[in-house]
Amino acid sequence: RLEVFGDANDYVGKGLSGATIVVRAPTSSTLPSQDNTIIGNTCLYGATAGELFAAGQAGERFGVRNSGATTVLEGCGANGCEYMTGGTAVILGSVGDNFGAGMTGGMAYILDQDDSFRAHVNDETIVFDRVRSPYWEAQLKELIEAHYAATGSLHAKRLLADWETTLTQIWQVCPKEMVKRLENPLIEEAA
């Protein structure tokens, strides 16, 4: 487990193959984490396993070629989750252009409080919809709770406190080729 109090530069978690990385502002900071960048560009590049919790935003090309790591952060720049082949990314804030380009595996969840996600997503290889299954909702909530426990993010705490509203603002992103291969369907049919 590696904990960083303060910001970190590019390539945090490059090739991560296990363990947990936590990046958060110093406890004396009064900056709102979701409005500030805490890690640089090309973080989690080529990761295969492990976890990254960052209480703040990432730069561009976040999670490129992630093939197995789990991550929660609070926004990212352009080309997020590009060529992602596995793992899970929860982004509790806005994303830049070309999100999900070439994504062929894994799952992503994007908090879209200003309804801008549609303008930034590259939907050539992915589908996206609101979270419509108790199974996936439980996975998402558990990851946000883990993010709060690891980082103390007040943003995550507020989102969890108003879960019903939060859930209506989150997009679930899945590669088209994976939809029929999932153990649990994206949409749970009414009984």
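Select N122 to begin, and follow its side chain to the backbone nitrogen of E124, which it reaches at 3.1 Å. The model on the screen is a predicted one, and every distance quoted along this tour should be read with that in mind.

**First stop: N122 and its surroundings**

With N122 still selected, turn to N98, whose side chain makes a polar contact of 2.8 Å with the side chain of N122. Widening the selection to the residues that N122 touches, and leaving out those up to four places away in sequence, brings up N98, F99, G100 and A101. To place this residue in the fold, colour the helix α1 (117–120) and the strand β9 (126–130), since N122 is found in the loop between these two elements. If you then draw a line from the C-alpha of N122 to the C-alpha of L73, it spans 20 Å in space, while the two residues are 49 apart in sequence.

**Second stop: E82 and Y83**

N98 and A101 lead on to E82, which touches both of them and also R61, F62, G63, V64 and R65, again not counting residues up to four places away in sequence. E82 is found in the loop between β6 (67–73) and β7 (85–91). Is E82 buried or exposed? Its relative accessible area is 9%, and because buried means under 20%, E82 counts as buried.

Move one selection on to Y83, which also lies in the loop between β6 and β7. Y83 has a relative accessibility of 37% and therefore counts as partly exposed, a class that runs between 20% and 50%. Inspect its backbone as well, where phi is near 55 degrees, a positive value in a residue other than glycine. Most residues other than glycine have a negative phi.

**Third stop: L44 and N66**

Next select L44, in the loop between β3 (37–39) and β4 (49–54), where phi is again positive, at about 65 degrees, although the residue is not a glycine. L44 is buried, with a relative accessible area of 0%.

From L44, step across to N66, for which L44 is one of the contacts beyond four places in sequence, together with G46, A47, M84, T85, G86, G87 and T88. N66 has its place in the loop between β5 (57–58) and β6, and with a relative accessible area of 1% it is buried. Show the side chain of N66 and look for the polar atom that lies 3.1 Å from the backbone nitrogen of G68.

**Last stop: the whole chain**

Now clear the selection and display the chain as a cartoon, in which four helices and ten strands can be traced. Read along the sequence, they follow the pattern β-β-β-β-β-β-β-β-α-β-α-α-α-β. The C-alpha atoms fill a box of roughly 50 × 35 × 30 Å along the principal axes. What radius of gyration does the chain have? It has 15 Å, which agrees with the value near 16 Å that a compact globule of 191 residues would have.

Switching to a surface view, the accessible surface comes to about 8900 Å², of which 47% belongs to carbon and sulfur atoms, and buried residues make up 49% of the chain. Among contacts between residues at least 6 apart in sequence, 44% join residues at least 24 apart. Colouring by charge to finish, you can mark 14 positive and 24 negative charges, whose mean positions are 3 Å apart.

Note on methods: Residues are numbered from 1 along each chain as its sequence is written. This is a predicted model: local features need pLDDT of at least 70, side-chain atom pairs count only at pLDDT 80 or more; totals for chains, interfaces and linings use all residues. Side-chain values use heavy atoms; hydrogens and water are left out. Contact means heavy atoms within 4.5 Å. A polar contact is a pair of N or O atoms within 3.5 Å; within protein, one must be able to donate a hydrogen and the other to accept it, and residues adjacent in sequence count only if both atoms are side-chain atoms. Buried means under 20% relative accessible area, exposed over 50%, partly exposed in between (1.4 Å probe, protein chains only). The radius of gyration is taken over C-alpha atoms; the globule rule is 2.2 Å times the number of residues to the power 0.38. Accessible areas come from the Shrake-Rupley method with a 1.4 Å probe; for residues, only the protein chains shown count as cover. Lys and Arg count as positive and Asp and Glu as negative; His and the chain ends are not counted. The place of a charge is taken as NZ of Lys, CZ of Arg, CG of Asp or CD of Glu.
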